[in-house]
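Hi,

Here is the structure I promised to send over. Have a look at it first, and then read on for my notes.

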Amino acid sequence: MEDTKDLLLSINNLNFSFDTQRGVVNAVRDLSISIRKGETLTLVGESGCGKSVTAHAINQLNPMPPGRVDSGSIIFRGNDLLKLKKGEIEKLRGTQISMIFQEPMTALNPVFTVGSQIADVFMTHQHISKSEAMEKAVELFRLVKIPAPERRIHAYPHQLSGGMRQRAMIAMALASPEPGLMIADEPTTALDVTIQAQILDLLNDLKEKVGMSILLITHDMGVVAEMADRVVVMYAGRKVEEAQVYDIFEEPRHPYTLGLLNSLPSNSKYQGASRLEAITGTVPDMRTIGSGCPFENRCAYASEICGKEFPKETALNESHSVWCHNWQKVQED
Amino acid sequence: MKTTEVLEVPRIKEPTPLQETWYHLKKNTGAMIGLGIISIFILMAIFAPLISPRDPLAQEVSERMTPLMTNGYILGSDDLGRDMLSRLIYGARISMTIGVVSVGISLFFGIIIGVTSAFYGGVFDKIVMRLIDIMLAFPYILLTIVIVSILGPSLTNAMVAIGISQVPRYARVVRASVLAEKENDYVLAEKALGASNFELMFLTILPNCLSPTIVQATLGIGEAILNSAGLSFLGLGAQPPTPEWGLMIASSKQFITNAWWIVTLPGIAILLAVLGFNLFGDGLRDILDPKMRN
């Protein structure tokens, strides 16, 4: 189906669960996604649907135990990451797979200057001298458009604004010698809207310049529209719809995707309306989900079969797939 | 065409953490008094050969128990005719060494134990902390006496014993702050950048846990000085004729009625040194704990 030459990362049938005191939580179930070189894939879904667990599973940042991989494989540049030894995965982190986090306030070490933190990354992976590393840090600061980089690298994180810190985080993620994949876990959630737009522009810009792929995790459909090439919609640990970004917005076929789009304030049907539409109900308890579709209890289109078995993949075109028994009814509406 | 104008950022010198601490320290009277006392003792220790008027070990039998300010003995002489002032000055050297070395020993093991057990957690943490609890259950003096009697009485062994007996305290302080710090995102971020567990523990997390540790260490130096004086008094630490303050008190206690200065002056020296470190440590705690700072 896909050209494997271009494939950077593919997650195949991943099942990831957490053993908690009150039972086993199947955080990710039977998930398959793939990212091509130079592509931005966004994972969309509400809190607790397994987006971050998936992202952290790639470079194995989930705490294990209690977390464990039940089955599946994560192939990155031809190697199964789940079969790598601890030292090998450590080498991969920060060199080929880098990550930026949601909270720029807490994701930088408060006791070191931002410049020395970036220089440390260079020194760890490339074994160059401190002064060379600092020069490279200045270059990166210039690349992420931090004003007066020569001075800013000597600042402590608390002396920078939120947007500036997020730029510093991105610079740190770019300090890898051969950036392949950048995982961005809700990189703009903690920022205000104008800064959000700047950061997203910056990420798009850098993607072109550096030639990396981005796995972007978000619950903000506005961010999706801005950034994504392809979109994977997740619900309760499962993939429910996957498509090119255009198809997701124009022809959503899963009731959950439709619900997400309908709750956007910018949706045209809200012209002059005073209330937003919301998806009724809440996410089911992840410990008690049976074999049926997890969205069944909140779904307007649910029929008898939905509670019994999870639907099979329906391919609508070569890149658009949906996992719903009643996608035709969604299409009719 | 859009032109971007580069604005000149005014050059404001950002204070380093050290400068900031100094700024708050200057406003804390107690800490400054403590720092003054400590500085005097440290200078005394460093320049002992230059400032002491006589040899601290030289006995002048004809001038035994000379009172204060007599015959050129500013602080009198002891029961063997040795100059008290010189002995006190050289005593500072010994006490400062004891304080620093034994706290250094405690810190070294305390940090390793505290950081690893908090970082790895689980069964390892439970076992280590129960062992630490067992050590804490013994009174320190009992513990040091046991260690010294195994190693044999000498100043070096006293330092080791005091150092080891205080390890549990540092381990607990370090563990508590590592537990709080290790959940922060920056630890995960460093991990995502390829840091090994060793780097995470000692280069990422530990620097964030230094404030409480520094406070504990400062207070600990005073305590170590007191403890070593106690051990020497019991005959388990420094051996005669070393001018150690605790030993000086022990070897002259029978003269308290007819030559009070021989007993009292070393006592005052101990008091001042311990007071200095405690004042300074308390001040540091006020400054380094953000909750206490306004």
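What pattern does chain B follow when you read along the sequence? One helix after another: α-α-α-α-α-α-α-α-α-α-α-α-α. The secondary structure of chain B comes to 13 helices and zero strands. Before going further, please keep in mind that this is a predicted model. Its scores are ipTM 0.76 and pTM 0.78.

**Chain B**

Let me start with confidence. Mean pLDDT for chain B is 85, with 93% of its residues at 70 or more. Within chain B, helix α8 (residues 167-181) has the highest confidence, at 92, while helix α1 (residues 17-26) has the lowest, at a mean of 80.

Now the overall shape. Chain B has a radius of gyration of 24 Å, whereas a compact globule of 294 residues would have one near 19 Å. Its C-alpha trace spans about 95 × 55 × 30 Å along the principal axes. As for what is covered, 44% of the 294 residues of chain B count as buried. If you take the contacts in chain B between residues at least 6 apart in sequence, 69% of them join residues at least 24 apart.

Two helices in chain B are worth a click. Helix α9 (residues 185-192) is mostly covered, with seven of its eight residues buried. Those are Tyr186(B), Val187(B), Leu188(B), Ala189(B), Glu190(B), Lys191(B) and Ala192(B), so you will find both Glu190(B) and Lys191(B) on the buried list. What do they pack against? The buried residues of α9(B) pack against β6 of chain A, together with α10 (197-205) of chain B. Just after the helix, α9(B) is followed by Gly194(B), which has a positive phi, near 100°.

The other helix is α7 (residues 155-165) of chain B, where the buried residues are Leu155(B), Ala158(B), Met159(B), Ala161(B), Ile162(B), Gly163(B) and Ser165(B). The partners of these buried α7(B) residues are α4 (84-120), α6 (140-151) and α11 (210-233) of chain B.

**Chain A**

Chain A has eleven helices and twelve strands. The radius of gyration of chain A is 21 Å, close to the 20 Å that the globule rule gives for 333 residues, so chain A is as compact as a globular protein of that length. Along the principal axes, its C-alpha atoms fill a box of roughly 65 × 50 × 45 Å. Buried residues make up 45% of the 333 residues in chain A. Of the contacts in chain A with a separation of 6 or more, 64% are between residues 24 or more positions apart.

There is a helix pair to look at here too. Two packed helices are described by the angle between their axes and the distance between the axes. For helix α3 (residues 114-126) and helix α4 (residues 130-143) of chain A, the angle is about 115° and the axes are 8 Å apart. The crossing of α3(A) and α4(A) is right-handed. On the α3(A) side the contact is made by Gly115(A), Ile118(A), Ala119(A), Phe122(A) and Met123(A), and on the α4(A) side by Lys130(A), Ala133(A), Met134(A), Lys136(A), Ala137(A) and Leu140(A). By class, that contact has eight nonpolar, one polar and two charged residues.

One single residue in chain A also caught my eye. Gly237(A) sits in the loop between β9 (230-235) and β10 (238-244) of chain A. Is Gly237(A) buried or exposed? Gly237(A) counts as buried, because it has 27 C-beta neighbours inside 10 Å, and the cut-off for buried is 20 or more. Leaving out residues up to four places away in sequence, Gly237(A) touches Asn26(A), Ala27(A), Val28(A), Arg29(A), Cys49(A), Gly50(A) and Met286(A). Gln198(A), on the other hand, is 39 residues from Gly237(A) along the chain, and their C-alpha atoms are separated by 31 Å.

**Where the chains meet**

How many residues does the contact take from each chain? It takes 26 residues from chain A and 16 residues from chain B. On the side of chain A that touches chain B, α2 (86-92), β6 (97-100) and α3 each supply at least two residues. Of these, α3(A) gives the most, with three residues. The residues on that side of chain A divide into twelve nonpolar, nine polar and five charged.

That's what I have for now. Shout if anything is unclear.

Cheers

Definitions and conventions: Residues are numbered from 1 along each chain as its sequence is written. Chains are lettered from A and ligands numbered from 1 in the order in which they are written. This is a predicted model: local features need pLDDT of at least 70, side-chain atom pairs count only at pLDDT 80 or more; totals for chains, interfaces and linings use all residues. Helices (H or I, at least four residues) and strands (E, at least two) are DSSP runs, numbered from the N terminus. A residue is buried if 20 or more other C-beta atoms lie within 10 Å of its own, exposed if 12 or fewer, and partly exposed in between; C-beta atoms are placed from the backbone. Two residues are in contact if their C-beta atoms, placed from the backbone, lie within 7 Å. Axes are lines fitted to C-alpha atoms, for helices over the stretch in contact, and angles run from 0 to 180 degrees between N-to-C directions. A crossing is left-handed if the near helix is turned anticlockwise from the far one by less than a right angle, and right-handed if clockwise. Ala, Val, Leu, Ile, Met, Phe, Trp, Tyr, Cys and Pro count as nonpolar, Asp, Glu, Lys and Arg as charged, and the others, Gly among them, as polar. The radius of gyration is taken over C-alpha atoms; the globule rule is 2.2 Å times the number of residues to the power 0.38. pLDDT is the predictor's confidence in each residue, from 0 to 100.
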